[in-house]
Amino acid sequence: GLQQIDAMAEKVRRHPIQLLEGVRGSLELLSLRHHTILFTKGSPAEQNRKIEASGLSGFFKAIEIVREKSVDVFQELIERHRLSKPNTWMVGNSPRSDINPAIAAGIRAFYIPHPWTWERERQDLCASDRVTVLDRFSDLLEHL
C-alpha cells in the first residue's frame, strides 16, 4: 500500500541525475559567453533537489522555478531580468511549455526534441522563423 508507494517515490528521488551527452561542457561554454537563466517548472523543492544533484547550478546567473510556464510568465521573466527580446532564446524540449509560449512572448527559441518528453507536454510546434530545431544540446554552440 502506502509504504510501497513511499518506497518507490524515495527510490525515484534518490536516483542520480543523468545528463544527456554534451550538456555539461556545452553549458559551461554557453555560460561564459551569455547571461544564462535556468527557467523550469514544477515543485520548487523537487526542482531545487534536481538542480543540486545535477551539479549545473554554477552555470546559471539565475534560477527561476514556476508552477506553469505561460506567455504571461515568460513576459514577467523578460521584464524582471531586463532581457532584450531579439537577443533572448529559450532552449527546451516541450513545444507546450518551452517553445510556443516563448515565441508568443516575443523571444527566440531552440527546440531540441526528446523522445521521452512527457505526453502532456506534446503540442504542435508553432510556425515561426524564430524557432530553430536542433538534434542535440551541443549543437547550440554552433548557433550561440
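Helices in what follows are DSSP runs of H or I with at least four residues, strands are runs of E with at least two, and both are numbered from the N terminus. Keep in mind that this is a predicted model.

**Exercise 1. Get your bearings: work out how many helices and strands the protein has, and in which pattern they follow each other.**

Step 1. Count the elements: the protein has 5 helices and 5 strands.

Step 2. Now walk along the sequence, and you get α-α-β-α-β-α-β-α-β-β.

Step 3. Next, burial. Of the 144 residues, 34% are buried.

Step 4. Look at the contacts between residues at least 6 apart in sequence: 57% of them join residues at least 24 apart.

**Exercise 2. Decide which helix of the model has the highest mean pLDDT and which has the lowest.**

Step 1. Start with the whole protein: the average pLDDT is 87, and 84% of the residues score at least 70.

Step 2. Go element by element. Helix α4 comes out highest with a mean of 97, while helix α1 (residues 2-14) comes out lowest with 66.

Step 3. Apply the usual caution: low-pLDDT coordinates shouldn't be read in detail.

**Exercise 3. Find the buried side of α4 and say what it packs against.**

Step 1. List the buried residues of α4: Val-73, Phe-74, Leu-77 and Ile-78.

Step 2. Check how they are spread around the axis. Their arc is only 140 degrees, so they sit on the same side of α4.

Step 3. Flip to the face turned away from that side, and you'll find the exposed residues Asp-72 and Glu-79.

Step 4. Ask what the buried residues touch: they pack against β1, β2 (62-66), β3 and α5 (95-104).

**Exercise 4. Classify the 2 aromatic pairs of the protein.**

Step 1. Take Phe-39 and Phe-74. Their ring centres are 5.0 Å apart with 85 degrees between the planes, which makes the pair edge-to-face.

Step 2. Place them: Phe-39 is in strand β1 (residues 37-41) and Phe-74 in helix α4 (residues 71-80), 35 residues apart.

Step 3. Test for burial, where the cut-off is under 20% relative accessible area. Phe-39 has 7%, so Phe-39 is buried. Phe-74 has 1%, so Phe-74 is buried too.

Step 4. Turn to Trp-89 and Phe-110. The centres are 6.5 Å apart and the planes lie at 25 degrees, so this pair is stacked.

Step 5. Place these two as well: Trp-89 belongs to strand β3 (residues 89-92) and Phe-110 to strand β4 (residues 108-111), so the pair ties together parts 21 residues apart in sequence.

Step 6. Compare the partners' exposure. Trp-89 is partly exposed at 32%, whereas Phe-110 is buried at 3%.

Step 7. Go back to Phe-39 for one extra neighbour: the charged end of Lys-69 sits over its ring, 5.2 Å from the centre.

**Exercise 5. Locate Arg-82, describe its phi and decide whether it is buried or exposed.**

Step 1. Locate it: Arg-82 comes just after α4, in the loop between α4 and β3.

Step 2. Read the backbone: phi of Arg-82 is positive, about 50 degrees, although this residue isn't a glycine.

Step 3. Check the surface, with exposed meaning over 50%. Arg-82 has a relative accessible area of 78%, so Arg-82 is exposed.

Technical notes:
Residues numbered from 1 in each chain as written. Predicted model: local features only at pLDDT ≥ 70, side-chain atom pairs only at ≥ 80, totals over all residues. Heavy atoms only, no water. Buried < 20%, exposed > 50% of the residue type's maximum accessible area, 1.4 Å probe, protein only. Contact = heavy atoms within 4.5 Å. Phe/Tyr/Trp six-rings, centres within 6.5 Å; stacked < 30°, edge-to-face > 60°. Lys NZ or Arg CZ within 6 Å of the ring centre and 35° of its normal. Arc of directions from axis to C-beta. pLDDT = per-residue confidence, 0-100.
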